[in-house]
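Dear colleague,

Please find below the structure that I am handing over to you. A summary of the findings follows it.

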Amino acid sequence: MIWREPGTRYWAPNIVERDNYRGGGLRVSAGIATNGKNDLYVFSGCSVTAVRYRDEMLHPLVRLFIATMGTDVIFMDFNRARLVRSYLESGTIPQMTWPARSPDLNPIEHVWDMLGRRIAGHNVLPGTLHELQQDLLHEWALLPQQAINDNIASLPRRCQACISARGYHTRY
C-alpha cells in the first residue's frame with residue numbers, strides 16, 4: 001500500500017523507478033543477529049518454493065547460523081508454507097510466533113532497506129542481473145554490523161509503538 005496526500009500522485013518524491021532487468025530478478029536471503037550476520041544467499045533461478053527454502057536455506061544455513069549464535073536465539077520468519085512451519089516446529093530451529101500481517105516488525109526488513117539504499121547510492125547502477133548480484137554480495141559484506149545491532153535493539157521500541165498505535169501506522 002502506498003500512502004500519499006491527495007493530488008500528489010505524480011510528484012517526483014512519490015515516484016520510484018525500477019529496472020526489472022528484462023523480466024528477470026534475484027531472490028536473496030540472509031540472517032542477522034546482534035554481533036553477527038551470515039553470508040547473503042542468492043537463489044539460482046527466480047522461483048523459491050517451500051522445498052527449496054527448506055533445503056537450500058533453513059537446513060544447511062539457518063540451522064548452522066543459529067547453532068553458532070548460542071541459546072538465546074529466536075528465528076523470525078514470515079514464511080507461512082505448511083512444509084516450512086512443519087520443519088521449524090520439528091525443534092531444530094527456535095522460532096518466534098509471528099503476528100499476522102506484520103512483516104514490518106522484522107528487523108531484517110529494515111536491513112534490506114539499508115542494503116537497497118547502498119546499491120541505489122552507487123554512481124553506476126547495475127545493468128545486468130550478474131552485476132546486481134555482485135553489487136548485492138559486495139554491499140552485504142560491507143554493511144556495518146553496528147547498524148544491524150542498532151536496528152535489532154530498536155525492536156522493543158518499534159513493538160511498543162505498534163501496540164500504542166493499536167496496529168496502525170507508526171513513525172518506524
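Read from the N terminus, the order of elements is β-β-β-β-α-α-α-α-α-α, that is, four strands and six helices; both are DSSP runs, with helices being H or I of at least four residues and strands being E of at least two, numbered from the N terminus. The model is predicted, so local features need pLDDT of at least 70 and side-chain atom pairs count only at pLDDT 80 or more, while totals for chains, interfaces and linings use all residues. Residues are numbered from 1 along each chain as its sequence is written, and side-chain values use heavy atoms, with hydrogens and water left out.

Of the 172 residues in the chain, 28% are buried (under 20% relative accessible area, with exposed meaning over 50% and partly exposed in between; 1.4 Å probe, protein chains only). The chain exposes about 11,900 Å², of which carbon and sulfur atoms supply 55% (Shrake-Rupley method, 1.4 Å probe; for residues, only the protein chains shown count as cover). Among contacts (heavy atoms within 4.5 Å) with a separation of 6 or more, 58% join residues 24 or more positions apart.

Helix 1 spans residues 50-69, and its 20 residues place the end C-alpha atoms only 25 Å apart, short of the 28 Å of a straight helix at 1.5 Å a residue; the expected span is 1.5 Å times one less than the number of residues. The helix has a kink of about 45 degrees at Leu58, shortly before Pro60, where the bend is the angle between axes fitted to the seven residues ending there and the seven starting there. Leu58 is also one of the buried residues of helix 1, which include Arg52, Tyr53 and Phe65. Just after this helix, Gly70 has a positive phi of about 105 degrees.

Two aromatic pairs were found in the whole structure (rings of Phe, Tyr and Trp, the last by its six-membered ring, with centres within 6.5 Å; planes under 30 degrees apart are stacked, over 60 edge-to-face and the rest tilted). Tyr41 and Phe43 are edge-to-face, at 4.9 Å centre to centre and 85 degrees between the planes. Tyr41 is partly exposed at 22% relative accessible area, whereas Phe43 is buried at 5%.

Trp112 and Trp140 form a tilted pair, at 5.7 Å and 35 degrees. This pair links helix 3 (residues 107-120) with helix 4 (residues 129-142), across 28 residues. Trp112 is partly exposed at 23%, and Trp140 is buried at 3%. Lys37 lies over the face of Trp140, 5.3 Å from the ring centre (NZ of Lys or CZ of Arg within 6 Å of the centre and within 35 degrees of the ring normal).

Yours sincerely
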